[in-house]
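Here is a short briefing on one protein structure. Look at the sequence and the model below, then read the notes grouped by topic.

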Amino acid sequence: MDTTPSWIAVVSQWRRGQARLGRVPVPYVHAVELAGGRPRVVSTFDLPAGGEDDSNADAVTGLEPTDADCLDGACGLLLPGGGDIDPEWYGEERHPRTVNISHRRDTFERTLIDAALKEDMPILAICHGMQLLNIHLGGSLVQHLADDPSRLDHDRDRPRADAAHEVRVKENTVLHELLGPHARVNSHHHQGLERVAAGLEEVAWAEDDVLEAVVLEDHSWVVGVQWHPEAMAPVDRRQLSIFKDFVIAAQGFEQRRDLRQARSA
């Protein structure tokens with residue numbers, strides 16, 4: 001039996017400074033492909049053809065930010081990193097270092113999060129994605145981690161394959177099964193979770209106790225990580241295992257959906 005999921009929705013990134021232009025999130029697309037999944041980019045922006053981010057990816061573009069119909073037929077949702085989130089979403093004033101905000105992107109991603117959670121569709125939320133998941137569920141952010149000089153330098157240039165620090169992982173969690181009790185991870189973020197939303201379980205922390213990963217209780221597979229496993233997946237089998245487990249969860253979702261549809265036919 002062919003167990004390849006029909007497709008996994010990978011949300012496009014926003015092209016900074018361009019209100020209606022986005023970019024193909026190439027490393028995320030490639031990581032899903034490496035894990036055996038079939039990605040489809042879904043974008044509330046237009047995606048210019050050609051250029052450095054043209055991966056020939058299957059893509060649906062120019063979607064309305066409040067329309068979740070693009071998830072029809074999807075088996076999983078991947079929320080990538082990139083840019084900050086307006087603190088208006090969680091009732092705080094904007095920090096001077098909170099920049100590169102797109103309300104259109106965040107509205108679109110929150111629309112998709114809501115639709116995916118209602119269907120118990122697997123979600124992998126990375127960096128900005130993990131932060132937005134927390135905000136959507138009622139949490140808040142530390143807007144600039146470096147304001148506390150005791151913290152590690154978490155904002156390391158751009159996402160790279162090189163590890164920057166270690167995380168410790170909580171036992172009896174999906175990430176512990178995949179990564180073990182400790183893992184070396186990269187780092188490219190200047191914000192982090194402050195008030196953790198109800199229902200999110202804290203499952204991994206950096207050496208300075210900054211929260212690095214969460215899972216959503218009472219859902220089959222919803223994982224958020226603060227680092228960038230998509231950049232490490234091509235050279236690190238443990239980081240790739242996150243995407244492989246995501247693809248397996250997507251396969252399970254598709255099988256459950258097909259069974260429900262067969263029973264209702």
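The largest pocket has a volume of about 1,100 Å³. Here a pocket is an open set of points on a 1 Å grid over the protein atoms alone, where a 1.4 Å probe fits, with protein on both sides within 12 Å along at least five of seven lines. Its volume is the space filled by probe spheres set on the points, which are joined across faces, edges and corners. This is a predicted model, in which local features need pLDDT of at least 70 and side-chain atom pairs count only at pLDDT 80 or more, while totals for chains, interfaces and linings use all residues. Residues are numbered from 1 along each chain as its sequence is written, and side-chain values use heavy atoms, with hydrogens and water left out.

**The largest pocket**

- The lining has 34 residues, and Q13, G82, G83, P159 and H188 are the closest to the centre of the largest pocket; a lining residue has an atom within 4 Å of a point.
- Two or more lining residues come from each of strand 2 (13-14), helix 1 (26-34), helix 2 (103-119), helix 3 (128-136) and helix 5 (229-232). Helices (H or I, at least four residues) and strands (E, at least two) are DSSP runs, numbered from the N terminus.
- Helix 1 gives the largest share of this lining, three residues.
- Sorted by class, the lining of the largest pocket holds ten nonpolar, 13 polar and eleven charged residues. Nonpolar covers Ala, Val, Leu, Ile, Met, Phe, Trp, Tyr, Cys and Pro, charged covers Asp, Glu, Lys and Arg, and polar covers the others, Gly among them.

**The second largest pocket**

- The second largest pocket holds about 180 Å³ of space.
- Its lining includes A68, L71, D72, G73, A74, F253, R257 and R260.
- Helix 2 and helix 6 (237-264) each supply at least two residues of this lining.
- Seven residues of the lining of the second largest pocket are nonpolar, one is polar and four are charged.

**The sheet**

- Ten strands form an open sheet with mixed pairing, in the order 5-4-1-6-7-14-13-12-9-10. Two strands pair if DSSP finds at least two bridges between them.
- Strand 5 (59-60) and strand 10 (182-185) stand at the edges with a single partner strand each, so one side of each has no neighbour in the sheet.
- At one edge, strand 4 (residues 39-42) and strand 5 run parallel and are joined by two bridges; V42 has V60 in strand 5 as its bridge partner.
- At the other edge, strand 9 (residues 165-169) and strand 10 pair in the antiparallel sense over four bridges, and H165 stands opposite V185 in strand 10.
- The side chains of strand 10 alternate: A183 and V185 point to one face and are buried, whereas H182 and R184 point to the other and are not. Buried means under 20% relative accessible area, exposed over 50%, and partly exposed in between (1.4 Å probe, protein chains only).

**Strand 14 and its partners**

- V222 and G224 point one way from strand 14 (residues 222-225), V223 and V225 point the other way, and all are buried.
- Strand 7 (residues 123-126) pairs with strand 14 in the parallel sense over four bridges, with L124 opposite its bridge partner V223.
- Strand 13 (residues 211-216) runs antiparallel to strand 14 and is joined to it by three bridges; the bridge partner of A213 in strand 14 is V225.
- Strand 13 and strand 14 form a hairpin with five residues between them, and D218 in the turn has a positive phi of about 65°.

**Helix 3**

- Nine of the nine residues of helix 3 are buried, so the helix is largely enclosed by the rest of the structure.
- Just after helix 3, G138 has a positive phi of about 110°.

**Loops and single residues**

- Most residues other than glycine have a negative phi.
- N100 is not a glycine, yet its phi is positive, about 55°. N100 lies in the loop between strand 6 (77-79) and helix 2 and is partly exposed, with a relative accessible area of 30%.
- D209 also has a positive phi, near 75°, and is placed in the loop between strand 12 (200-206) and strand 13.
- P48 lies in the loop between strand 4 and strand 5 and is partly exposed, at 36% relative accessible area.
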